[in-house]
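Thank you all for coming, and please have the viewer open, since I will move from one chain to another as I talk. I will take the contacts between chains, then the symmetry, and then the DNA.

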There are 4 protein chains.
Amino acid sequence: MTDETDGRVLRGQATREVRRQQIKEASLQVFADRGYHATSVSDLVKAASVARGTFYLYFQSKESLFLELLDDLMMELRAGIKGVDPSANAGVRDQLPTVIGRVLKTVTDNRSLTRILFREAIGLDAEVDARLAAFNDVIHEYVIRALRLGRAMDVVRAEVDLDVAATCIVGGVRYIVQRHIVADEESPDLERLSRGIVATFLDGVALPSSS
Amino acid sequence: MTDETDGRVLRGQATREVRRQQIKEASLQVFADRGYHATSVSDLVKAASVARGTFYLYFQSKESLFLELLDDLMMELRAGIKGVDPSANAGVRDQLPTVIGRVLKTVTDNRSLTRILFREAIGLDAEVDARLAAFNDVIHEYVIRALRLGRAMDVVRAEVDLDVAATCIVGGVRYIVQRHIVADEESPDLERLSRGIVATFLDGVALPSSS
Amino acid sequence: MTDETDGRVLRGQATREVRRQQIKEASLQVFADRGYHATSVSDLVKAASVARGTFYLYFQSKESLFLELLDDLMMELRAGIKGVDPSANAGVRDQLPTVIGRVLKTVTDNRSLTRILFREAIGLDAEVDARLAAFNDVIHEYVIRALRLGRAMDVVRAEVDLDVAATCIVGGVRYIVQRHIVADEESPDLERLSRGIVATFLDGVALPSSS
Amino acid sequence: MTDETDGRVLRGQATREVRRQQIKEASLQVFADRGYHATSVSDLVKAASVARGTFYLYFQSKESLFLELLDDLMMELRAGIKGVDPSANAGVRDQLPTVIGRVLKTVTDNRSLTRILFREAIGLDAEVDARLAAFNDVIHEYVIRALRLGRAMDVVRAEVDLDVAATCIVGGVRYIVQRHIVADEESPDLERLSRGIVATFLDGVALPSSS
DNA sequence: CATGAATGAGTATTCATTCAT
DNA sequence: CATGAATGAATACTCATTCAT
């Protein structure tokens with residue numbers, strides 16, 4: 001009874017997980033296309049080809065599913081960003097485009113989720129807002145630490161207002177993402193974007209002599 | 001068609017406009033506080049102290065009122081930005097903080113509207129999205145033209161990727177606005193923010209020698 | 001503006017109250033016929049010939065309407081019972097059938113409500129249960145007080161277990177109501193029932209000599 | 001059709017019956033605690049530790065199981081009551097408390113079932129109502145017969161309205177059960193209750209001289 | 001013009017029952 | 001026989017909009 005039972009149970013759990021993913025993926029598309037509020041549970045179950053009740057077998061509510069999708073993206077992004085090792089001192093300037101490129105790649109690979117994150121994830125409810133704010137703060141702090149490190153290594157100007165600069169950098173990357181990746185641009189030239197971002201934020205747009 | 005009638009009509013139109021404004025202002029507050037979706041028409045008419053039917057005498061729908069508020073803000077912002085005369089060649093570098101400061105000031109003075117713009121105006125429906133996109137494009141084009149002008153005047157590097165740089169700049173300012181002004185910060189130090197933004201985007205964060 | 005407005009407002013409130021009653025009466029019938037659980041809000045609005053939304057304009061929920069109906073009956077019954085003045089010493093024995101008759105009359109006049117009270121009002125939720133229990137306790141206490149008074153007046157045996165006797169009396173009357181009034185009996189002979197009840201509880205069924 | 005087959009069938013039937021009982025007992029508890037409507041099939045299968053499907057292998061529906069539980073109680077009670085032999089002429093008055101006591105004992109021993117019977121079994125559907133009514137009628141008739149017998153034996157007054165008196169008696173006992181046994185009273189004093197009931201119904205509460 | 005009562009399509013969620021394994 | 005994932009009809013309730021007064 002043991003092996004057979006275990007087998008059945010395991011298979012059951014495996015299928016369960018498969019089903020969950022199936023619903024999540026279908027829902028992801030619908031949310032990305034229609035937006036959170038415009039998406040009804042009917043839309044979701046239709047897209048996932050399951051019965052209404054089945055949906056609630058796997059997710060507590062429409063909102064909790066959405067939250068899960070959000071968490072997924074934030075994890076994914078955080079992983080893509082944290083992959084960077086800012087302490088590698090050699091050739092920070094040369095490394096940076098790669099780093100930024102990786103972030104942009106992560107985002108591009110998760111276009112639907114990112115679209116949701118940028119278009120819908122705000123003002124939904126306090127819970128989501130708090131989670132997003134926390135995520136943003138993590139990114140912000142990460143960039144500030146990077147700048148501080150750069151300053152210590154004498155590659156970042158001493159007089160830079162770290163907080164403002166970090167905000168500009170994060171905001172700039174975000175908006176690049178929003179304009180070039182979330183919007184339906186087919187295959188964004190990530191390399192050009194990365195280089196452009198790095199150039200802008202490292203050296204600015206002004207001619208040095210213009211000071 | 002007599003004078004008296006005209007008078008009545010005019011008076012009527014005058015009070016009509018006054019009423020409209022009353023409702024708009026009250027609604028603006030409610031939208032800013034609660035967010036678009038969490039705000040019901042009941043909330044609006046209660047805040048404006050008018051009957052439900054009256055609301056529909058002045059606005060086609062909840063959504064159209066919201067759209068109008070959005071348009072108002074976009075006009076206001078556009079005015080604040082367009083006020084800058086980029087052709088004044090003398091001391092662009094010195095002028096810029098003032099210009100940015102003015103934009104931040106406009107935003108701060110319309111905090112409620114801006115909050116709505118940032119928190120709710122996305123993903124509402126195609127109409128809103130289109131209008132927002134158009135607005136963003138206008139700003140984007142404006143910055144690109146400014147950069148191009150700067151390049152002609154030899155104050156902007158020739159090798160700068162105008163499109164990417166403009167996106168970074170706009171995104172940076174937006175995120176500054178989002179973090180320091182939309183969020184409930186009491187009295188943001190607009191001057192420091194302006195100087196920080198200008199410094200970051202003109203000269204970058206890297207030490208020139210690090211090239 | 002004053003008189004006219006007041007007039008409108010008053011008329012409005014009057015109509016409101018009328019509507020409420022209309023819905024309550026229709027709902028009462030449906031509840032009495034179908035029972036609480038088997039009655040859907042759709043049934044109620046259909047019976048009252050109002051739109052679904054209208055229902056919720058007048059009642060917070062299906063349950064709250066039901067509670068209100070319950071309260072109405074309990075008030076009505078309590079009034080019918082409290083009308084009795086047990087201190088009128090002359091001819092208690094002769095008075096009693098009248099008193100009981102009045103209670104039965106009240107119940108007969110509110111047959112629908114009573115049917116609900118007996119058939120549905122139990123186990124609905126803690127709130128209802130508590131209210132019913134309180135009501136039952138009031139009745140119980142009332143009867144005990146009456147018995148105690150009777151004892152003081154030397155018309156009730158000294159050795160009677162007041163609590164048990166009161167429970168028997170209340171239960172007996174309740175069951176009479178249930179069998180002869182709530183059940184669809186056309187026109188119960190209230191006088192016969194009253195006399196029978198009084199005889200049973202005053203003198204018992206046993207021949208005195210059988211002790 | 002071989003012995004072996006019979007054996008298997010028998011064994012199967014035996015375990016089948018055992019399973020049924022398991023489920024019934026578990027369900028009884030849940031129904032008594034939560035009430036019929038608040039109890040879901042999920043609750044039942046969880047309490048019985050069987051799969052959802054298994055439940056429907058043994059019972060047609062949630063309702064049919066409930067009906068069965070009801071029948072069980074009614075049989076049990078009927079047995080407890082019928083155990084009394086009213087024809088034993090000697091000392092009816094002395095016997096009665098014992099008889100009533102036995103009924104109360106039966107009820108106390110099946111408190112869960114009784115609780116269900118009193119709290120939930122009414123207004124469920126026509127089927128249940130009919131069965132309950134039939135049961136009540138049986139009891140009623142039984143009491144009437146007893147009274148008639150008593151009359152023949154000259155221990156019951158001739159002028160007693162048998163039907164009304166029987167209803168009072170049954171109602172009284174029912175309400176005693178409801179107040180003292182169904183409600184969570186720890187260990188009701190069955191003897192006192194029995195004596196009180198008998199005294200009340202045999203001799204009434206009035207002093208004989210008060211007639 | 002102003003009112004606010006009335007509307008009803010639409011929503012998320014539950015749960016008794018079925019059925020493939 | 002046993003399982004538990006799947007089903008979908010049904011439910012209470014909301015809210016933007018209309019319309020008679």
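Let me begin with chains A and B, keeping in mind throughout that this is a predicted model. Of the interface residues of chain A, 100% are also interface residues in chain B, so the two copies meet through the same surface. The contact draws 39 residues from chain A and 39 residues from chain B. On the side of chain A that touches chain B, the elements giving two or more residues are helix H8 (162-182) and helix H9 (190-203) of chain A, and the largest share, 11 residues, comes from H8(A). If we sort the residues on that side of chain A by class, we find 19 nonpolar, 10 polar and 10 charged.

How are these copies placed with respect to one another? In general, two copies of a chain are related by a rotation about an axis and a shift along it. Here, chain A can be laid on chain B by a turn of 178 degrees with a shift of 0.0 Å along the axis, and the RMSD is 0.4 Å. Within chain A, the C-alpha nearest that axis belongs to A:Gly204, which lies 2.1 Å from it.

Now please turn to chains D and C. A turn of 178 degrees and a shift of 0.0 Å along the axis lay chain D on chain C with an RMSD of 0.4 Å, and that is the relation of a two-fold axis. The residue of chain D that comes closest to the rotation axis is D:Gly204, at 1.8 Å by its C-alpha. The same surface serves both copies, in that 100% of the contact residues of chain D recur in chain C.

This contact takes 39 residues from chain D and 39 residues from chain C. Helix H8 (162-182) and helix H9 (190-203) of chain D each supply at least two residues of the side that touches chain C, with H8(D) giving the largest share, 11 residues. By class, that side of chain D holds 19 nonpolar, 10 polar and 10 charged residues.

We can look at one helix pair within this contact. The axes of helix H9 (residues 190-203) of chain C and H8(D) come within 9 Å and cross at roughly 60 degrees, which makes H9(C) oblique to H8(D). The crossing of H9(C) and H8(D) is right-handed. From H9(C), the residues C:Leu193, C:Gly196, C:Ile197, C:Thr200 and C:Phe201 meet D:Val164, D:Ala165 and D:Cys168 of H8(D), and by class this contact has six nonpolar, two polar and no charged residues.

That leaves the DNA. Which residues come nearest to DNA strand F? Among the 34 residues around DNA strand F, they are A:Gly53, B:Gly53, B:Ser61, C:Gly53 and D:Gly53. Several helices each supply at least two residues of the surface near DNA strand F, including helix H3 (52-58) of chain A and helix H2 (41-48) of chain B. That surface has 10 nonpolar, 14 polar and 10 charged residues.

DNA strand E is surrounded by 34 residues, and the closest are A:Gly53, A:Ser61, B:Gly53, C:Gly53 and D:Gly53. Among the helices that each supply at least two residues of the surface near DNA strand E are helix H2 (41-48) of chain A and helix H1 (3-34) of chain B. The residues of this surface near DNA strand E divide into 10 nonpolar, 14 polar and 10 charged.

Technical notes
Residues are numbered from 1 along each chain as its sequence is written. Chains are lettered from A and ligands numbered from 1 in the order in which they are written. This is a predicted model: local features need pLDDT of at least 70, side-chain atom pairs count only at pLDDT 80 or more; totals for chains, interfaces and linings use all residues. Two residues are in contact if their C-beta atoms, placed from the backbone, lie within 7 Å. Helices (H or I, at least four residues) and strands (E, at least two) are DSSP runs, numbered from the N terminus. Ala, Val, Leu, Ile, Met, Phe, Trp, Tyr, Cys and Pro count as nonpolar, Asp, Glu, Lys and Arg as charged, and the others, Gly among them, as polar. A residue is near a molecule or strand if its C-beta atom, placed from the backbone, lies within 6 Å of it. Copies are superposed by least squares on the C-alpha atoms of residues with pLDDT of at least 70 in both. Axes are lines fitted to C-alpha atoms, for helices over the stretch in contact, and angles run from 0 to 180 degrees between N-to-C directions. Angles under 35 degrees count as roughly parallel, over 145 as roughly antiparallel, 65 to 115 as roughly perpendicular and the rest as oblique. A crossing is left-handed if the near helix is turned anticlockwise from the far one by less than a right angle, and right-handed if clockwise.
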